[in-house]
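Me: Take a close look at one part for me, the surroundings of the ligand. I'd like it in one go, with the cut-offs spelled out.

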Amino acid sequence: MTIYHLSTECYPVAKVGGLADVVGALPKYQNKIKGINAKVVMPWYNKSFVYDHEFNTVFDGFIHQGENVLQVQILKEKTDVLGFELFMVKIPGLLDRDNPYGYQDESFQFLAFQYGILHWLSAMHIRPDILHCHDYHTGLIPFMVENCPEFKFLKGVKTIGTIHNGEYQGAMDWDMSKYIPDFDGYKWGLMDWNKTINPLASMIKCCHAFTTVSEGYLKELFISFRGLEGLVRDEFGKAYGIINGIDTEVWNPETDPMLDFNFNINNAVEKKKKNKEKLCKEYGLRPELPLFAFIGRFATEKGADLLPDSVWRSIKQSYGGLNIIILGSGNTYIENKLKEYDYTYTNFALDIGYKEYLSHKIYASADFLLMPSRVEPCGLNQMYSMRYGTIPIVRYTGGLRDTVHDISTGGTGLNFTHAGVDDIIHSMNRAMKIYHEKNTMEDLIHANMQFDFSWEKSAQKYVTLYNNLFTSKVSI
Ligand code: ADP
């Protein structure tokens, strides 16, 4: 069975968040299953990966998008170094940029990406068994495959959509419809939601099955989905929650080249301490105190707006009895407020930016990882932290609720209910108490490291889902 994963991100080529981690790992693990040939198609980016690896041009053609004629090239990485075939779609002016997101004309960018993929597959008579679309950037593919005469060669190919983040839907004005390949006009309703073209809504309507990245998140979408609650309820019959895994080859504290001191479950306590001492020294923190960390986008979704007050209150209330380190970027108000505290408090360290190596060091060094998310479809940070023996403190939502259980119920982390500073401070106080009970702390480090979040089980679930589409079974 041939599966094409279509995505704007893929680790290590281009990463903004969890989507990249999933698309960089899932196909690799699917390819370990007999009879599966999973590949990835993504936009071409001006990133070091493309210069450090050799590519073949496997297709060179043109698409007519509205009044524009665009050159489309498909480049294939020569050696399948990532454990799957990697194809990159290059369109001068649109798909040859530094980063995946943040451009004014992103609707054009993603329409051209989707059009380019289908044009290439049709022109070359490549008919995959499954087109697996990830998030709204590829959300119009299920519609186009069925309803654009230009792609009639692909009609009937099974399409799956995975919602990694339902907060972003890519809605655009109907004026943009002239940039979509010619389609059967009377089918316009399959792209429409609330008088706009909504790629995520269209994906849900038109795909053969769709998944969310945890079961908990799927249930939450019924009540909170930025206006698509009714749609997801109507289409529930083809919805599945499949929890993400983590790439345990990349995220292995024993071999991770980004760590100063590698460790395993037998020497974790001692080596984590050494990692912590090194990190604290670099950031002027005090290694004898508990170290709390946050890694992520400064967005309200992540509860990042609660961080400045939490930093201020926790340091004041503990009389400087703890350290906090934050790595991330995003909302400028949050960035500025945190910078102010960075100057004020010696117990607080801030690193603004996206730094893969530093995230690994922090997962390995911290005692506790904070995730006060308002919305967390799956969340990978808590799984990485657990694998690296760091105790997660999470708001009880989405995938966090599926993966982190409170110590009061026999779990290995701390849960809180409200996305508010009071709940965060209360949880930090609980954590401080644990930190000073040496045996409990060590038991928790070991227990967290023993969790199995590897991709095998979930990769198999996706494959079962694909198979069932051909036999019309519904359960996975
Ligand atoms: P998101 O909603 O951002 O995709 P996930 O929890 O699914 O959240 O995935 C976040 C991924 O991005 C993790 O691998 C995390 O370590 C990484 N990450 C987030 N922010 C940063 C940063 N500033 N520097 C390095 N890695 C980061």
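Reply: What follows goes from the ligand outwards, then turns to the backbone. The model is predicted, so local features need pLDDT of at least 70 and side-chain atom pairs count only at pLDDT 80 or more, while totals for chains, interfaces and linings use all residues. Residues are numbered from 1 along each chain as its sequence is written, and side-chain values use heavy atoms, with hydrogens and water left out.

There are 20 residues around the ligand, and Lys15, Gly18, Asp21, Gly353 and Tyr363 come nearest (a residue counts if one of its heavy atoms lies within 4 Å). By type, that shell splits into six nonpolar, eight polar and six charged residues; Ala, Val, Leu, Ile, Met, Phe, Trp, Tyr, Cys and Pro count as nonpolar, Asp, Glu, Lys and Arg as charged, and the others, Gly among them, as polar.

Now the polar contacts, meaning N or O pairs within 3.5 Å. A polar backbone atom of Gly18 is 2.6 Å from a ligand oxygen. On the side-chain end, an N or O atom of Lys302 is 2.9 Å from a ligand oxygen, and one of Asn381 is 3.2 Å from a ligand oxygen. Taken alone the ligand exposes 560 Å², and the protein buries 92% of that (Shrake-Rupley areas, 1.4 Å probe).

Which elements give two or more residues to that shell? Helix H1 (18-30), strands S12 (291-298) and S13 (323-330), and helices H11 (356-365) and H12 (381-387) do; these are DSSP runs, H or I of at least four residues for helices and E of at least two for strands, numbered from the N terminus. Domain 1 (2-245 + 456-471) and domain 2 (268-449) each supply at least three shell residues, with bounds from an automatic or database assignment.

Next, the backbone: the loop between strand S1 (2-6) and H1 holds Pro12, and the peptide bond from Tyr11 to Pro12 is cis, with omega near 5°.

Key: A polar contact is a pair of N or O atoms within 3.5 Å; within protein, one must be able to donate a hydrogen and the other to accept it, and residues adjacent in sequence count only if both atoms are side-chain atoms.
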